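User: Could you take me through the largest pocket in this protein, and then show me how it sits within the whole chain? I'd like to know what lines it.

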Amino acid sequence: MSREILTVVETVSNEKGVSREAIFQALEQALVVATKKKFYDHTTASEARLRVEIDRKTGDYRTFRQWEVVADEDHEMPACQDAISDLDPAQWSIGDIRELEVESIDFGRIAAQIAKQVIVQKIREAERAMVADSFEGRVGELVYGEVKKQTKDGFIIDLGDGAEGYLSREDCINKEMLRPKQRINALLYNVNRDGRGAQILLTRSKPEMLIALMKKEVPEIAEEIIEIKGAARHPGVRAKISVKTNDHRIDPVGACIGMRGTRIQAIQQELNGERIDVVIWSDNDAQYIASALEPADVLSMVINEETKTADIVFATNEQLARAIGGQGQNVRLASELTGYKLNMMLEAEFLEKQQGDTQRVIDTFVARLDIDDEFAMALADIGLSTLDDVAYAAPEHFADLDLDEDTLQMLQDRAKAALMEDLNQADPALLEMQGMTSSIAQALVERGIKTLDDLAEQAIDEINDIDGVDDELAGKLIMKARESWFN
């Protein structure tokens, strides 16, 4: 039998290109399975721990049964454990593996059949690993393939040379109908080495797919004369891509669109008619946002760089409608492209909002700092909007108010006392949360959010307008507060 084992190893290794060691390990695993089937009942077989050791030179093999040494248990122990009290304590310790040689099964028909199944599986795993190795360095590239077949959740794409990619339905373009034998472009976005499923994962819906197609169709991008700064997509419907030129003589939008739109039309055709807006990138956030909202004309905007929010003002309903776009597509894509939460409004709404915000600031200052409306208005006019601002602003910030040193000190002391009073009302667990700061806690308390339960009941858009709180931090704080609900 030892000669048969060596023959199997040599033959399979030569024919399939799998290492001898991998075949030996597969055979050892197969012999373990066959031994359990022959010598143990169902319950014992599932619990017993066996090890088969094949001599790599002679092909001879031995079988060992193993037990883990454990502390005494009240309940019945599984077949792979030994109680320490049943063994010589001078020889064994808890955690040791006790091993005893047992009868080996013949490498007969049953063992050979099981070995064949295990070896075939090992070969498939090795072949998938080789395919993964060949494609791993191509992540982020466009690949061209043929639709081989449709599955329940997606499509298998033949990439040639025995390689297959997987395109899930979520990674297909909206309302796209793919047929067998159809040839398509897709972006290779991941090589998955886990599990037994498809290894090469493809997408046609991610923004990176649009970027890859632009690089393919626009030589100036491939030559780095034009640089892509970002992209946002509603797959199959509309997309925005921002570009900048590294050569002032080149118009980046014109180069991307091409003569009579030939370049952009080729990309749109590949993406199932998806409309593509090419936006000029700017390091000036206001200018970038205005470009991203085209074809609408922005009247004015107020940007908060800390919270990444912007109030965008339009002169007419027509311009506002253009900025929002059909089903809100234009503003959603512009927001995703620029990274800002965009609040759209008409001029009258903006003025009303400003007045309301200013009045709330004045009312807070009057009530909490014990000052009159005129003084509170003066503080708001120099850009102070919270008690925290008043308490910790540098003395030069108050220069326009011509305050004497004692008055300024009194004002800031009152602001600090008010802050402390509010924080004393808050649950200590709220103040100690990861990511929480005194200014954020102060703002929450001012809104009546004083405990973890209060915070847990909030939605992201109810607290993401607080200075220093973006959507990500708001979500983390709320989810952290909700942990108490489940513990």
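Analyst: Happy to! Please keep in mind that this is a predicted model. Let me start with the chain as a whole, then move in on the pocket.

Among contacts between residues at least 6 apart in sequence, 54% join residues at least 24 apart. The chain has 20 helices and 15 strands, and buried residues make up 40% of its 487 residues. Its radius of gyration is 34 Å, whereas a compact globule of 487 residues would have one near 23 Å. Along the principal axes, the C-alpha atoms fill a box of roughly 100 × 75 × 35 Å. The chain exposes about 27300 Å², with carbon and sulfur atoms supplying 47% of that area.

Now for the part you asked about. The largest pocket holds about 1600 Å³ of space. Its lining is made up of 39 residues, and those nearest the centre are Asp357, Ser385, Thr386, Asp465 and Asp467. Both strands and helices give two or more residues to this lining: the strands are S13 (300-304), S14 (309-314) and S15 (341-346), and the helices are H12 (347-369), H14 (387-392) and H17 (438-446). Of these, H12 gives the most, with nine residues.

As for chemistry, the lining has 15 polar, 13 charged and 11 nonpolar residues. When you look at the model, a good place to begin is the centre of the pocket, where Asp357, Asp465 and Asp467 are among the residues lying nearest.

Conventions
Residues are numbered from 1 along each chain as its sequence is written. This is a predicted model: local features need pLDDT of at least 70, side-chain atom pairs count only at pLDDT 80 or more; totals for chains, interfaces and linings use all residues. Side-chain values use heavy atoms; hydrogens and water are left out. On a 1 Å grid over the protein atoms alone, a cavity is a set of points where a 1.4 Å probe fits but cannot get out, and a pocket is an open set with protein on both sides within 12 Å along at least five of seven lines; lining residues have an atom within 4 Å of a point. Grid points are joined across faces, edges and corners, and a volume is the space filled by probe spheres set on the points. Helices (H or I, at least four residues) and strands (E, at least two) are DSSP runs, numbered from the N terminus. Ala, Val, Leu, Ile, Met, Phe, Trp, Tyr, Cys and Pro count as nonpolar, Asp, Glu, Lys and Arg as charged, and the others, Gly among them, as polar. The radius of gyration is taken over C-alpha atoms; the globule rule is 2.2 Å times the number of residues to the power 0.38. Buried means under 20% relative accessible area, exposed over 50%, partly exposed in between (1.4 Å probe, protein chains only). Contact means heavy atoms within 4.5 Å. Accessible areas come from the Shrake-Rupley method with a 1.4 Å probe; for residues, only the protein chains shown count as cover.
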